[in-house]
Amino acid sequence: QVQLEESGGGLVQAGDSLRLSCRASGRAFRTYHMGWFRQAPGKEREFVAFISASGDRTYSPDSVKGRFTISRDDAEKTVVLQMNSLKPEDTAVYYCAASSRPLPSTLLGYLETYYNYWGQGTQVTVSS
């Protein structure tokens, strides 16, 4: 089992950068596939980024590709979402998620249901 805690959110202006961190507690962090999701007011939660347990596979949707980068540090049990060139439409609560399940296809990382552990979220607000 793993517990997740996000940090690094805040209020920034359009064009600024933020670095979100997700720190895990528990054992065997290096065996978990990790993802970031976000949920804006009145909208469904949406996928933002994925990184495999080995760290050799990452992907993100077109809406953030080229602006957001996901990485992991297994020694620190941390997953980082570096967000650059932020836009007002990036405003949302950002959630970190972990999955201990097998990964027969990397496309599973897009799905909320693939993850069995979630953090409480951190608010990101981007003003225009």
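Glu 5 stands opposite Arg 23 in strand S3. I begin with this position in the predicted model, and the surrounding strands follow from there. S1 and S3 pair in the antiparallel sense over six bridges. Strand S1 covers residues 2–7, and its two faces are unlike in cover: Val 2, Leu 4 and Glu 6 form the covered face, whereas Gln 3, Glu 5 and Ser 7 form the uncovered one.

Arg 23 also leads to another strand. The side chain of Arg 23 makes a polar contact, at 3.5 Å, with the side chain of Thr 78. Thr 78 lies in strand S8, residues 78–83. Is Thr 78 buried or exposed? Its relative accessibility is 11%, so Thr 78 counts as buried. Leaving aside residues up to four places away in sequence, Thr 78 touches Ser 21, Cys 22, Arg 23, Phe 29, Ser 71, Arg 72 and Asp 73.

Two of those neighbours deserve a further word. Arg 72 lies over the face of Phe 29, at 4.7 Å from the ring centre.

Cys 22 brings me to the disulfide. The count comes to one disulfide, and that bond joins Cys 22 to Cys 96 with an S to S distance of 2.0 Å. The link is left-handed, with -75° about the S-S bond. Cys 22 lies in strand S3, residues 18–26, and Cys 96 in strand S9, residues 92–99; the pair therefore ties together parts that are 74 residues apart in sequence. Both Cys 22 and Cys 96 are buried.

I turn now to the aromatic residues. How many aromatic pairs does the structure hold? There are ten aromatic pairs. One of them is formed by Phe 47 and Tyr 59, a tilted pair at 5.6 Å centre to centre with 45° between the planes. Because Phe 47 lies in strand S5, residues 46–51, and Tyr 59 in strand S6, residues 58–59, this pair ties together parts twelve residues apart in sequence. Phe 47 is buried, with a relative accessible area of 9%, and Tyr 59 counts as buried at 15% relative accessibility.

For Tyr 115 and Trp 118, the ring centres are 6.0 Å apart and the planes stand at 70°, so the pair is edge-to-face. Tyr 115 counts as buried at 4% relative accessibility, whereas Trp 118, at 25%, counts as partly exposed.

These four residues belong to one aromatic cluster, formed by Phe 37, Phe 47, Phe 50, Tyr 59, Tyr 110, Tyr 114, Tyr 115 and Trp 118.

I close with a second arginine over a ring: the charged end of Arg 45 sits over Tyr 95, 4.7 Å from the ring centre.

How values were computed: Residues numbered from 1 in each chain as written. Predicted model: local features only at pLDDT ≥ 70, side-chain atom pairs only at ≥ 80, totals over all residues. Heavy atoms only, no water. Disulfide = S-S within 2.5 Å. Helix = DSSP H or I, 4+ residues; strand = E, 2+ residues; numbered from the N terminus. Buried < 20%, exposed > 50% of the residue type's maximum accessible area, 1.4 Å probe, protein only. Polar contact = N/O pair within 3.5 Å; in protein donor to acceptor, adjacent residues only side chain to side chain. Contact = heavy atoms within 4.5 Å. Pairing = 2+ DSSP bridges. Phe/Tyr/Trp six-rings, centres within 6.5 Å; stacked < 30°, edge-to-face > 60°. Lys NZ or Arg CZ within 6 Å of the ring centre and 35° of its normal.
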